[in-house]
Amino acid sequence: MLADEPVWIQFFTAEQLTAEMLYMAADLGECHEVQRLAPGVLGSPGGMERRRVLCTTALASSYLPRQAPRTTTSSERASCWARCFRL
C-alpha cells in the first residue's frame, strides 16, 4: 500500500478483486472461470461474510446445468468487462 492512497482503496484487496472477477464471470455464464477463481476467495480468511455467501452461491450455481447455452463473442465479453470497470 502506498502512503498517499485514499483509505477507501484498502477495501480492494486481492481477494476482493478476485471476488469481483468471479461475479462478472458468473454473470457471463463462464462456469469454468467461476470454478477457477473461487478458491482464491473462499480459501482466504476474513470477515467478509457477504462476499463469502455471494461467492459460494456463484460457485454452486456454476455446477448447475445451463438451461440455454449463451454464446458471446469476445467483443461482447470485452464490452461487459469494460462496463463493469467503467473503462
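**Note on a predicted four-helix chain**

1. **Residue L54.** L54 has a relative accessibility of 33% and therefore counts as partly exposed, since the partly exposed class lies between the 20% and 50% limits. This leucine is found in helix α3. The C-alpha atoms of L54 and Y23 are separated by 8.2 Å, although the two residues stand 31 places apart along the chain.

2. **Status of the model and confidence.** The structure under review is a predicted model. Its chain has a mean pLDDT of 83, with 86% of the residues at 70 or more. Which elements mark the two ends of the confidence range? Helix α2 has the highest mean pLDDT among the elements, at 93, whereas α4, covering residues 74–85, has the lowest, at 71. Where pLDDT is low, the predicted coordinates should not be read in detail.

3. **Overall make-up.** The chain contains four helices and zero strands. Following the sequence from start to end, the student will find the pattern α-α-α-α. The chain has 87 residues, and 23% of them count as buried.

4. **Helix α1.** This helix runs over residues 14–27, which is 14 residues. From the first C-alpha of α1 to the last, the distance is 20 Å, close to the 20 Å expected at 1.5 Å a residue. The buried residues of α1 are Q16, T18, A19, L22, M24 and A25. In reading such a list, it is useful to recall a general point: an α-helix has 3.6 residues a turn, so residues three or four places apart point the same way. After α1 comes G29, which has a positive phi near 75 degrees.

5. **The aromatic cluster.** How many aromatic pairs does a search of the whole structure find? The search finds two. One of them joins W8 and F12 in an edge-to-face arrangement, with 6.4 Å between the ring centres and 90 degrees between the planes. The rings of F11 and F12 also pair: their centres are 5.1 Å apart and their planes meet at 85 degrees, so this pair is edge-to-face as well. W8, F11 and F12 together form one aromatic cluster.

6. **Exposure within the cluster.** Is W8 buried or exposed? W8 has a relative accessible area of 56% and is therefore exposed, the limit for that class being over 50%. F12, with a relative accessible area of 35%, is partly exposed. F11 is likewise partly exposed, with a value of 40%.

7. **The cavity.** A search of the whole structure finds one cavity of 30 Å³ or more. About 60 Å³ of space lies in the largest cavity. Which residues line the largest cavity? They are V41, L42, S44, P45, G46, G47, M48, R51 and R52. Two helices, α2 (31–42) and α3 (49–62), each supply at least two residues of this lining. By class, the lining has four nonpolar, three polar and two charged residues. In the list of lining residues, the student may identify the charged class as R51 and R52, while the polar class consists of S44, G46 and G47.

Note on methods: Residues numbered from 1 in each chain as written. Predicted model: local features only at pLDDT ≥ 70, side-chain atom pairs only at ≥ 80, totals over all residues. Heavy atoms only, no water. Expected span 1.5 Å × (residues − 1). Buried < 20%, exposed > 50% of the residue type's maximum accessible area, 1.4 Å probe, protein only. 1 Å grid on protein atoms, 1.4 Å probe; cavity = no way out; pocket = protein on both sides within 12 Å on 5 of 7 lines; lining within 4 Å. Points joined across faces, edges and corners; volume = space filled by probe spheres on them. pLDDT = per-residue confidence, 0-100. Phe/Tyr/Trp six-rings, centres within 6.5 Å; stacked < 30°, edge-to-face > 60°.
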